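Student: I would like to go through the reasoning behind some of the labels used for this model. Could we start with the aromatic residues?

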Amino acid sequence: LNAISKQVIVYLNGELQLQFMDTEDQLEMAADRQIIFFAQEGVKTTSGAVSMIKIYNYFIDEKDAESSFDNFRNNEQSKVDNLKTGDKVTLNKLYFIQSLPKLLPESFPELENLKSMLQENPDLKIEIQGHTDNQGDYQLNIELSNKRAESVKAYLVEYGIDKNRILTRGFGSTRPVASNATEITRKLNRRVEMVVL
């Protein structure tokens with residue numbers, strides 16, 4: 001390798017699929033760095049869906065890469081195993097078209113995580129709760145929050161999750177978690193949450 005060469009390695013399902021050098025600085029990596037990408041089978045992959053590990057001080061071999069991915073997966077599973085009735089999780093990476101219940105593609109990684117959790121825990125039942133800020137008509141916000149919760153359920157049902165395991169509710173602006181005085185804090189109130197039943 002020369003001084004400006006970069007090595008990029010892509011693993012799919014734990015197997016090396018692609019390896020190339022980035023000699024044109026397109027990835028803007030330091031000269032002695034390496035990036036490894038992982039993608040999981042059955043998961044829709046967008047730029048946000050790829051789990052990227054950037055190694056700063058050394059080159060990582062295939063066994064280290066597999067170990068890193070296993071550790072990540074095990075940590076995520078342990079969070080699920082600790083869920084109990086009444087636990088509430090905010091689904092922070094769900095994105096909708098403004099003022100509409102239509103999910104944007106950037107939401108797919110979060111939806112896939114939720115789907116996988118339900119597949120791996122077949123006895124788990126959940127409620128999807130939609131929330132809005134207090135801008136606009138009160139009743140329209142109730143309807144919007146309910147339709148957004150229904151959109152999440154529809155996605156899960158489309159990919160094989162039993163509809164009877166998922167309840168939905170829309171609360172509109174009735175349950176804020178932050179002030180509605182500024183746009184920065186209103187964003188926190190526009191959310192979808194999952195509650196374990």
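Tutor: The model is a predicted one. Ring pairs join Phe108, Tyr155 and Tyr159 into a cluster, and a search of the whole structure gives 2 aromatic pairs.

Student: Why is the pair of Phe108 and Tyr155 called stacked?

Tutor: Rings pair if their centres lie within 6.5 Å, and planes under 30 degrees apart count as stacked. The centres of Phe108 and Tyr155 are 5.9 Å apart and their planes are at 25 degrees, so this pair is stacked.

Student: What makes this a link between distant parts of the chain?

Tutor: Phe108 belongs to helix H2 (residues 108-120) and Tyr155 to helix H3 (residues 138-158), and the two are 47 residues apart.

Student: Why is the pair of Tyr155 and Tyr159 called tilted?

Tutor: Planes under 30 degrees apart would be stacked and over 60 edge-to-face, with the rest tilted. For Tyr155 and Tyr159 the centres are 4.7 Å apart and the planes are at 40 degrees, so the label is tilted.

Student: How do you know whether Tyr155 is buried or exposed?

Tutor: Buried means under 20% relative accessible area. Tyr155 has 6%, so Tyr155 is buried. Tyr159, at 29%, counts as partly exposed, because partly exposed covers the range between the buried limit of 20% and the exposed limit of 50%.

Student: Which other residues of H3 are buried?

Tutor: Among them are Asn141, Ile142, Leu144, Ser145, Arg148 and Ala149. The buried residues of H3 pack against H2, S6, S7 and S8.

Student: What makes the length of H3 agree with what is expected for a helix?

Tutor: H3 has 21 residues and spans 30 Å from its first C-alpha to its last, close to the 30 Å expected at 1.5 Å a residue.

Student: How do you know that Asp137 caps the N-terminal end of H3?

Tutor: A polar contact needs N or O atoms within 3.5 Å. A side-chain oxygen of Asp137 lies 3.1 Å from the backbone nitrogen of Gln139, and Asp137 is the cap at that end of H3. Just after H3, Gly160 has a positive phi of about 100 degrees.

Student: What is the strand order of the open sheet?

Tutor: The sheet has 4 strands in the order S5-S8-S6-S7, with mixed pairing.

Student: What makes strand S5 (88-90) and strand S7 (166-170) edge strands?

Tutor: Each of S5 and S7 pairs on one side only.

Student: How do you know that S5 pairs with strand S8 (residues 191-196)?

Tutor: Two strands pair if there are at least two bridges between them. S5 and S8 are joined by 3 bridges and run antiparallel, so the criterion of at least two is met. Lys88 has Val195 in S8 as its bridge partner.

Student: Where does H3 lie relative to the sheet strands?

Tutor: H3 lies across strand S6 (126-131), S7 and S8, and runs at about 160 degrees to S7.

Student: Why is Leu167 called partly exposed?

Tutor: The limits are 20% for buried and 50% for exposed. Leu167, in strand S7, has 45% relative accessibility, so Leu167 counts as partly exposed.

Student: Why is Ser173 called buried?

Tutor: Ser173 sits in the loop between S7 and helix H4 (183-189). Its relative accessible area is 17%, and buried means under 20%, so the label holds. Leaving aside neighbours within four places in sequence, Ser173 is in contact with Thr132, Asp133, Asn134 and Tyr138.

Key:
Residues are numbered from 1 along each chain as its sequence is written. This is a predicted model: local features need pLDDT of at least 70, side-chain atom pairs count only at pLDDT 80 or more; totals for chains, interfaces and linings use all residues. Side-chain values use heavy atoms; hydrogens and water are left out. Rings of Phe, Tyr and Trp (its six-membered ring) pair if their centres lie within 6.5 Å; planes under 30 degrees apart count as stacked, over 60 as edge-to-face and the rest as tilted. Buried means under 20% relative accessible area, exposed over 50%, partly exposed in between (1.4 Å probe, protein chains only). Contact means heavy atoms within 4.5 Å. Axes are lines fitted to C-alpha atoms, for helices over the stretch in contact, and angles run from 0 to 180 degrees between N-to-C directions. The expected span of a helix is 1.5 Å times one less than its number of residues. A polar contact is a pair of N or O atoms within 3.5 Å; within protein, one must be able to donate a hydrogen and the other to accept it, and residues adjacent in sequence count only if both atoms are side-chain atoms.
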